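Biologist: Hey, got a minute to walk me through this one? I'd like to look at it together.

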Amino acid sequence: MTEKRTIVVALGGNALQRQGEASSEAQQKVADETVRQLLPLIQAGHNLAIVHGNGPQVGNIVLQQQAINTDAVPALPLEDSGAMSQGLIGFWLQQSLHDAFTLNGLQKHAASIVTQTVVDKDDPAFAAPTKPIGPFYSEEEARTIAAERGFVVKEDAGRGWRRVVASPKPQDIVEAAVIRSLVLAGVIVVSTGGGGIPVLRADDGTLSGVEAVIDKDFGAAKLANILGADTLLIVTSVDAAKINFNTPDEQALGEVTPDELQQHIASGQFAAGSMLPKVQAAIEFVSGDPAGRSAIITSLDKTAEAIAGMAGTRIRFLD
C-alpha cells in the first residue's frame with residue numbers, strides 16, 4: 001500500500017449495531033472494532049472519508065419517537081430522526097478514531113459533519129415509496145395510522161405492516177466543500193450518514209427537509225465523485241460480491257469491469273436492497289472517471305488486503 005489514495009469508505013449501519021445489541025455501550029464497542037480494522041489504511045497515509053449507514057439506529061429513533069408521540073411532545077419528522085442518527089453515529093466513530101490515534105501515537109484528527117443531500121422533488125421514487133421504516137403493525141393498526149397521519153403502509157414480507165417512504169437518488173451534497181477541505185487537510189471525516197439527510201432545494205437556493213431515505217451506497221458514490229476520490233470502498237458482511245449466491249455454484253468475483261457487472265445485474269445475480277445497490281454504486285463511481293478510479297466491495301476484516309489488491313471484488317476499467 002505505497003500509493004497514497006483518497007478513499008471513501010461506506011460502512012453499513014449493521015456494521016455498527018449487532019443483532020440484539022442496541023445499547024450505546026454495545027454500539028460504541030463495535031465502532032471501536034470498526035476503527036481498529038480501518039486503522040492500517042490511515043497508518044499507510046491514505047486520506048479517508050467515512051460514510052455510514054443508519055438503518056438500525058434511525059429505526060430505533062423512530063420507534064422511540066412514536067412511543068412518546070403526544071400533542072404536547074409530537075414525534076419528530078423522519079429527516080430530524082435521520083439527523084439525530086448522524087450525530088449519534090458520528091460521535092461514536094469520531095471518539096473511536098480519537099482514541100485509536102492517541103493509543104497509536106498518530107498526530108491525526110477526526111471530525112463528523114451532519115450532512116444534507118439534495119434530492120429531486122420530481123424523482124420517481126416519491127410516487128412509489130418502497131423503503132420500510134419504523135415499527136411493525138397489524139393491518140388494522142397500519143390502516144388507522146395511514147388515515148390519521150397520511151403515511152403510506154405496506155405488508156412487509158409476511159412479518160406485519162410497516163410505513164414505507166421514498167428512496168430518491170442523491171443529486172448533490174450541501175456540505176461537500178467543507179468535507180473536501182478537511183479531507184485534503186488530512187482530517188478523517190465522518191459524513192453523509194445514511195446517505196445524507198434528504199433535502200429539497202428551492203428556486204431561491206434555500207433548503208427544506210423531506211421525509212425520505214437515501215441509499216447509503218449511492219450517497220457514498222456521490223460523495224466520492226464530488227471529492228474526486230481514487231477509491232470507493234464498500235464494506236459489507238461478505239468478503240466479495242458473489243454470483244450464484246448461496247448455491248453450490250457460488251463464485252466470488254475478484255477483478256471485474258463495470259460492463260461485466262452490468263451483465264450480472266441483467267441476469268438477476270444481485271438481490272435488491274442487499275448487494276444490488278452496492279454494485280450499482282460501484283459502477284456509478286468508476287464510470288465517472290474511467291481512467292483512474294476503482295471501487296472495492298469487501299468485508300471489514302479484508303479492507304487492508306483489498307486496498308492492496310489481494311482480496312474483495314475490485315471494479316475498474318481494465319487498461
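Biologist: Which residue in E11 does Val199 stand opposite?
Modeller: Gly209 is the one facing Val199. Keep in mind that this is a predicted model.

Biologist: OK. How many bridges join E10 to E11?
Modeller: Three, and the two strands run antiparallel. E10 covers residues 197-201.

Biologist: What order do the strands of that open sheet come in?
Modeller: The order is E8-E4-E10-E11, so four strands by the DSSP runs, with mixed pairing. At the edges sit E8 (172-173) and E11 (207-209), each pairing on one side only.

Biologist: Switching to backbone: what is the phi of Thr192?
Modeller: About 55°, so positive, though Thr192 isn't a glycine. Most residues other than glycine have a negative phi.

Biologist: And where is Thr192 found?
Modeller: In the loop between E9 (188-191) and E10.

Biologist: Is Thr192 buried or exposed?
Modeller: Buried, because its relative accessible area is 0%, and the cut-off for buried is under 20%.

Biologist: What about Asn246, buried or exposed?
Modeller: Exposed, with a relative accessible area of 64%. Asn246 also has a positive phi, near 60°, and is found in the loop between E13 (242-243) and E14 (251-252).

Biologist: New topic: which ring does the charged end of Arg163 sit over?
Modeller: That's Phe151, with the charged end 3.8 Å from the ring centre. Lys169 does this with Phe218, at 4.4 Å from the centre.

Biologist: And how many aromatic pairs does the count come to?
Modeller: Zero, going by ring centres within 6.5 Å.

Note on methods:
Residues numbered from 1 in each chain as written. Predicted model: local features only at pLDDT ≥ 70, side-chain atom pairs only at ≥ 80, totals over all residues. Heavy atoms only, no water. Phe/Tyr/Trp six-rings, centres within 6.5 Å; stacked < 30°, edge-to-face > 60°. Lys NZ or Arg CZ within 6 Å of the ring centre and 35° of its normal. Pairing = 2+ DSSP bridges. Buried < 20%, exposed > 50% of the residue type's maximum accessible area, 1.4 Å probe, protein only.
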